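Good morning. I was asked to walk through one structure today, so please keep the picture in view while I talk.

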Amino acid sequence: MSDGDGVYRRDVLKASSAAAVALGLGGGGYISSLAETDDEPFSQKDPGIDSFVGQDEVFKSACSPNCRGKCPLEVHVRDGRVRKIEPQVPEDERYKRACLLGLSHTQRIYNPTRLKYPMKRVDWSPDSPNPQGRGEDAEFERVTWDEALDLVAEGMTRVKDTYSPESVLFHAGSGNYGINSTVESRLANLFGGSTPGWSIDANVGRGFNRITGHGYYLPQTNESEDWENAKTFIAWGTDIFSSQLQMDASKLLDMKEQGGKLVVVDPVYTTTASKADLWLPVNPGKDVHLILGMMNYVLDMGLEDTEFLRKRTTAPALIGPDGTMLDAKGVIEGVTESKPVGVDEQTGELVALEPETPGSYVLTGTYTVDGKSYETALSRLKGHVADYPVEEMAEISGVPAKNIRKAARWLATRGPGGIAPSYAIGRYIHGHVFGQAYAIMLALTGDYGKHGNVHAHHPLGASLDTGGWGSPDDAPGSKTLYFHEYADAMLNGDPRQIKAVYSIESNMLGNQFPNRQRHLKGIENLDMFVVADIHHTPTVQQADIILPAAHWFETEDIVSSWGSHPHITYRHKVQEPLWESRDDYYMIRDLAKKLGFGDYFPEEKREVLRTMSDGDDRFDFDELRERGTAHLGTPTVKYTGEFPTPSGRIELYDEDAPSEKGVDLQLPKPIESRTAEDYEGADEYPLIFMQKHGRFRLHSQFEYQQWIREINPEPQLDIHPKDAEARGIEDDDYVRVHNDRGEMVVKAKLNDAMKPGLVNTDQGWWTRDYVKGHHNDLTHDEVSDVGKTFSFYDVRVEVEPAPDDIDTSKYEGNQPTGADASSAGVGGD
Ligand code: SF4
């Protein structure tokens, strides 16, 4: 199909396939050529390999998906084409690393799913959006960059005039850790639009923060090079040997070699669990019960670290009958600032508790002040956890009592160590309670501020300080809209009406947003949906205007690690953007010009990179460009100083605690959700459904990589053999997974690593990969008041054999769907 200058969607994809072939990228060609054989032993054959040693030009770059690796890379280019990727040796050589995904960029950069030209949906215009034309059958025509950005500017201005500036949402996802989301924020602030607040993976950190003042996604933790000093490492809901394999797995093995104990808490017998000294197969969603049982044991046996509790926590603080902390101001003469009050063990006098002060404070007991009875925070905690005895928690959590005791004893008595949760627990709706609970547990065991302490499954790494570049002083500013508010904002105008979205670095409809059908309905209600991306994702297929973004290697940038190594990395441009793709910076700069904000965006991106760098005195811009990486001197050991809480101490008891579902959270309490056995939908949908991070994809990135597809060709449902047998399902049968929101059809894999009652499909697959539906047709978008985080795992489903008439032909042959750009449904729903 073609209409002169216009190119329809399928034509674009065919054209891209042809381009890929021209570049020598026949799908599967590498593997099949290696598989050729004859009778002559391989060692005697002419290998037919030319030596290109010394002929490559090598560029310093970086991989930057949201996997925490942010691996510095070296990109080899010969004859104008990227030939090979290697790990770059960063300033601290111990962090030289890259996984197979990073090394496969040779395929990603020339992938048939690359977007090539700015496109416009044929039946869309700013004054006539025709939303019914969006979706799988949408047709697009090629436009120039100038036309595309004119249309975007006109659409934004129209929405601003008709509704309000904040009715335009400038959305950025986590698809690239360069500066472009800051650049987009700058435009949003100048325009007065809405900007995204994060509702994914923030749950555990928000709970931890209430107790320690630290933590947003996950709390900070010692750098992983320090893990070998841990005596007990509890990996809680994290499969480090799958999703952090190239980064942190070896550190766990180092720790074990040094005599440390690895405990894994997971309802799945994961690769990491297979390396553990002790595996605690917790029932899905019962993590808070389990940790309360551990706390019960530690306090019951008197294993708490009393010195730490006196010096760095509010354990000695007096709590009144109404639940408020006694304030030194007003009861201790001369104290003019609010401080908690303790009791001196020797004198019996009331004393103000200063941060970081090791006094001889009493830790437990009841005291009368001005005729009122007070007890210490530690006494309160002891009384509270007494309600969660080990035997009972064992029953609920599914973990044998003796192993709950063993894990707690190791943590409390073997020396420094800790708990490393991942994002998994935050994917249950009340996951923030676990954050609160384990912050307290680690205070009981004194696991803060020492070598060998552990608080998360990855450190926070190093980030470029952009010096507020995203918020110019004279800008009107933007309003935050949380991800979980998007659908309501688009559909119902709550908390405000959104009518246009400009999205960068995000495949929100392909993986990251639950309750996909509801978000699709929200998109239907927009006047304009603009998507900039490298690839033709399912989100791109919903767009009115498509803006082809350059591959990372075609852009200059500074990449923050925000993860497992303490460097920032300079990304040099390896080649010019292919076809008409462009760096997001230049798209936004030119859009800003059309909106009247051109003066705020320098012509050259490097100027912005230099300006930001000049404001960050931890490194020199020119040295960074030359060296490729800069080690930002992140401290190895965390939590060594005063805690940023009102008392400067870890606040065991939260007197200003929120309540959730009528449960007050001054101290951690389990709050039941869809994982409860008596949940109202439990009979109809008895199986809990999760979508864990796998080793083959980064969220939905690398979905299209042929090398990966050769070993992991299609989505599957992991199901315990007993659950399968009860439903008449055999290994490799296709099954229909469904609930009251939707369905998907996938191949079943009988897997006794799963707990009975739990099923899983690894996240990252696009709609085109399923026989029918998508995993996010089953998830919901409810969040808790405190955690405000999507709960992807708090989902129930039922599974049954798929109908006989399903069409699985897309998986036949050695070209699974997605590898071939001309396959039906590519990129669409
Ligand atoms: S995908 Fe992650 S771990 Fe792999 S090379 Fe890229 S940044 Fe590194």
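I will go through the domains, then a ligand site, two sheets and a hairpin.

One caution before that: this is a predicted model.

The domain assignment splits the protein chain into domain 1 (119-200 + 464-631), domain 2 (221-444) and domain 3 (672-811). Note that domain 1 is written as two segments. Between the centres of domain 1 and domain 2, taken over C-alpha atoms, there are 41 Å.

Now look at residues 56-113. UniProt, in an unreviewed entry, gives this stretch the feature "domain: 4Fe-4S Mo/W bis-MGD-type". Over residues 56-113 the chain is 14% helix and 34% strand, and the C-alpha atoms at the two ends are 27 Å apart.

Next, the first sheet on my list. It is an open sheet of three strands in the order 3-4-5, with antiparallel pairing. Strand 3 (57-62) and strand 5 (81-87) are the edge strands, each pairing on one side only. From one strand to the next, the twist averages 30 degrees. How many bridges join strand 3 to strand 4? Six bridges join them, and strand 4 covers residues 72-78. As an example, Ser-61 has Leu-73 in strand 4 as its bridge partner.

Which residues surround the ligand? Among them are Cys-63, Cys-67, Cys-71 and Cys-99. Others in the shell include Pro-65, Lys-70, Gln-246 and Leu-698. By residue class, the shell divides into eight nonpolar, three polar and one charged.

On to the second sheet. Strands 23, 24 and 25 form an open sheet in the order 23-24-25, again with antiparallel pairing. Strand 23 (557-560) and strand 25 (629-631) each have a single partner strand, so one side of each has no neighbour in the sheet. Here the twist averages 20 degrees from one strand to the next. Strand 23 pairs with strand 24 (residues 567-571) over four bridges, and Ile-558 stands opposite Tyr-570. For those new to sheets, strands pair through backbone hydrogen bonds, either parallel or antiparallel.

Last, the hairpin. Strand 16 (residues 366-369) and strand 17 (residues 372-376) run antiparallel and are joined by four bridges. Tyr-367 has Tyr-374 as its bridge partner in strand 17. Which residue of this hairpin takes a positive phi? That is Asp-370, with a phi near 50 degrees, in a hairpin that has two residues between the strands.

That is the end of my list.

Key. Residues are numbered from 1 along each chain as its sequence is written. This is a predicted model: local features need pLDDT of at least 70, side-chain atom pairs count only at pLDDT 80 or more; totals for chains, interfaces and linings use all residues. A residue is near a molecule or strand if its C-beta atom, placed from the backbone, lies within 6 Å of it. Ala, Val, Leu, Ile, Met, Phe, Trp, Tyr, Cys and Pro count as nonpolar, Asp, Glu, Lys and Arg as charged, and the others, Gly among them, as polar. Two strands pair if DSSP finds at least two bridges between them. Axes are lines fitted to C-alpha atoms, for helices over the stretch in contact, and angles run from 0 to 180 degrees between N-to-C directions. UniProt positions are given in the numbering used here, feature names are shortened, and annotations may be inferred rather than shown by experiment. Domain bounds come from an automatic or database domain assignment.
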